[in-house]
Amino acid sequence: MGSRVSARCLDCDHRFTVTHGGGFFFHQLRCVRCGRAKDVGFDELGDLHTRYLKGSDRPYTVAFAGEHQYVREHLDIEPISAEEYFAAVEAAVKCDCGGALSFDAPPRCPNCGSLQIEEGDSIACYD
Ligand SMILES: [Zn+2]
Ligand SMILES: [Zn+2]
């Protein structure tokens, strides 16, 4: 699922790591202002995630096929589309710096905020 790669800022030569993608139990969003990644657990989203499962005809991951089927068959809640869900997740959380979080904001240098970064080898994979 997610991966961690080494990165270097082309402006200030700062070296850091960048993580990509969410996991089985969380989404990863990135701050549009400072570029910091923030993990948002499905359990933090409560109904939103459940309503998304209800509105989706596929489980989010195979690991959740059982939960997905249960929600679809037994829970009486208003379904939302994937677009509504992702927009609602972005609206529900904020970065510590006060910036908005987005699923597709680009990573930034944590030292100078530059978008001019070079990504290197993958360091680790995580769920
Ligand atoms: Zn931020
Ligand atoms: Zn930099």
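1. Cys-31 and Cys-95 are both buried, where buried means under 20% relative accessible area, exposed over 50% and partly exposed in between (1.4 Å probe, protein chains only). This is a predicted model in which local features need pLDDT of at least 70 and side-chain atom pairs count only at pLDDT 80 or more, while totals for chains, interfaces and linings use all residues. Residues are numbered from 1 along each chain as its sequence is written, ligands are numbered from 1 in the order in which they are written, and side-chain values use heavy atoms, with hydrogens and water left out.

2. The zinc ion (ligand 1) is coordinated at 2.2 to 2.4 Å by the SG atoms of Cys-31, Cys-34, Cys-95 and Cys-97; donors are N, O and S atoms within 2.8 Å of the metal (3.2 Å for Na, K and Ca), and water is not among the atoms, so sites may look incomplete. Cys-31 belongs to strand 3 (residues 26–31) and Cys-95 to the loop between helix 4 (82–92) and strand 5 (101–102), so the pair ties together parts 64 residues apart in sequence. Helices (H or I, at least four residues) and strands (E, at least two) are DSSP runs, numbered from the N terminus.

3. For the zinc ion (ligand 2), the protein donors are the SG atoms of Cys-9, Cys-12, Cys-109 and Cys-112, lying 2.3 Å from the ion. Their spacing in sequence is C-x2-C-x96-C-x2-C, and the pair Cys-12 and Cys-112 links distant parts of the chain, 100 residues apart. Cys-12 is partly exposed, at a relative accessible area of 31%, and Cys-112 is also partly exposed, at 41%.
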